[in-house]
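Student: I have a structure open and would like to learn how to read it. Could we go through it one feature at a time?

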Amino acid sequence: MGDTGHFDAHATSYDDPAKARRAHDVARAVVAAGAARPGPTGTVRLLEYGAGTGLVTQALSALVDDLSATLADASSGMRGVMQDKVASGALPVDARIVHLDLEQEPTPAERFDLVVSSLVLHHVRDLDRVLAGLAELLDEGGHLCVADLDREDGSFHATVHGFSGHDGFDREELAQRMRSAGFAEVSVADCTSLDKDGRTYSVFLATGRRPGRPPTDLKGWLHHYLRAAQESLLWKLEGLSEYDVRRPLTPTGTNLLGLVKHLAGVELGYLGDTFGRPSGIPLPWYDDGAADNADMWATPQESREEILDLYRRAWAHGDGTVEALDLDAPGRVAHWPDDRADVTLGQILVHLTTETYRHAGHADILRELLDGRVGLREGRTNLPDLGEEDWAAHHERLEAAAREADRGEG
């Protein structure tokens, strides 16, 4: 990543409240993107590449259970600060601090479930080499999350002598380079911002997944389809206002954020309490005296981020149950009738996946009613490639057919 002298010189004074806030924003965006999911070991094996003083790992460790952290930086000064943080408890006590520069060195043999970089890649000269190295560091199904600057006019590094990196990135261009490096399901979204010399610069989060091999057993396939349904549901909320994710669109009040809140509680129950693995996460809308349907809508005091984070935490807890148990592992659903309350993990995976897809279908319709956006998942509509006029004509054709059938019946 070029000369590390600048970072060595500023390492001990690097941290400040603005950087800590920005790291927290990045960490929350990583979790909200569904990237902090346990791998085969049951933990989230994290690599923060170009970690600096480890601020993003600090923020992630407060949001993600069972995190195993490795922090890599080419600057000896930054690594020294991180070692001090491990000693003081600011970073996880078992965190590993390593030197790594993928522009200059071969890719290590170790594999991770999540690789994160924050404001690092714009310093990289050989971007394609580094992206390929980051892909190689990921286990199958693992995620890369890159937080970096939107394309800017060169003013951000105008005072940095000898800077030879990138003046931010065009989002689609970076996404395409990630795809070329082997990443699938690449998406880019707003993340945070930073102020420098009286100007504000926007920061995005680009996320991609290293494709995995298809599952080889029934449990793997059941888990695969559940994960697909979860991610499809959350995709339906992207880009909507606070009002639109909350507004009731049916006479019984069905709304997008309420569906997420409901499924978070459902998953914590079915893949937690049912198998003697309670999460300990409070769900006050299930308490005695709670209003009817309190789990199906969000109060003004419950933020979108809070509910999305709850659902991600439910995923992580459920993933742990699925990884730990066999399909025939017994459980009991306390609120089901006695004659069918005794269940197995396989039965619950089928039940939960069916329920999640049912609510994902609700979300499909709600989103189309809100702004016309449709699709099975990111990058795949599963619909004919028709223009707006063609869809309008199709709608009119169906309307006419329905009216004709109604007249014939009469």
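Tutor: Gladly! Keep in mind that this is a predicted model. Let's start with a helix: helix 10 covers residues 304–324, 21 residues in total, and spans 31 Å from its first C-alpha to its last, close to the 30 Å expected at 1.5 Å a residue.

Student: Is helix 10 mostly covered or mostly uncovered?

Tutor: Mostly covered: of the 21 residues in helix 10, 15 are buried.

Student: Now the sheet. How do I read its strands, and what is their order?

Tutor: The general idea is that strands of a sheet pair through backbone hydrogen bonds, in either a parallel or an antiparallel way. Here we have an open sheet of 7 strands, ordered 3-2-1-4-5-7-6, and the pairing is mixed. Its edges are strand 3 (96–98) and strand 6 (184–196), each of which pairs on one side only. From one strand to the next, the twist averages 20°.

Student: What packs on that sheet?

Tutor: Helix 2 (residues 17–32) does, touching strand 4, strand 5 (138–149), strand 6 and strand 7 (199–209). The direction of helix 2 makes about 165° with that of strand 6. Helix 4 (residues 76–88) lies across strand 2 (67–72) and strand 3, and runs at about 170° to strand 3.

Student: In which sense do strand 1 and strand 4 pair?

Tutor: In the parallel sense: strand 1 (residues 44–49) and strand 4 (residues 112–118) share 3 bridges. For a concrete pair, look at Leu47, whose bridge partner in strand 4 is Val115.

Student: Let's zoom in on strand 4. Why does Asp113 count as buried?

Tutor: Asp113, found in strand 4, counts as buried because its relative accessibility is 5%, and the cut-off for buried is under 20%. The Asp113 side chain also makes a polar contact with the side chain of Arg45, at 2.7 Å. Beyond residues up to four places away in sequence, Asp113 touches several others, including Ala35, Arg37, Pro40, Leu138 and His143.

Student: And where is Leu327 placed?

Tutor: Leu327 is in the loop between helix 10 and strand 8 (330–332). Leu327 is classed as partly exposed because its relative accessible area is 24%, while partly exposed lies between the 20% and 50% limits.

Student: Which residues does Leu327 contact, leaving aside neighbours within four places in sequence?

Tutor: Among them are Leu218, Leu222, Thr344 and Leu349. Take Thr344: Leu327 and Thr344 are 17 residues apart in sequence, and their C-alpha atoms are 6.5 Å apart in space.

Key: Residues are numbered from 1 along each chain as its sequence is written. This is a predicted model: local features need pLDDT of at least 70, side-chain atom pairs count only at pLDDT 80 or more; totals for chains, interfaces and linings use all residues. Side-chain values use heavy atoms; hydrogens and water are left out. Helices (H or I, at least four residues) and strands (E, at least two) are DSSP runs, numbered from the N terminus. The expected span of a helix is 1.5 Å times one less than its number of residues. Buried means under 20% relative accessible area, exposed over 50%, partly exposed in between (1.4 Å probe, protein chains only). Two strands pair if DSSP finds at least two bridges between them. Axes are lines fitted to C-alpha atoms, for helices over the stretch in contact, and angles run from 0 to 180 degrees between N-to-C directions. Contact means heavy atoms within 4.5 Å. A polar contact is a pair of N or O atoms within 3.5 Å; within protein, one must be able to donate a hydrogen and the other to accept it, and residues adjacent in sequence count only if both atoms are side-chain atoms.
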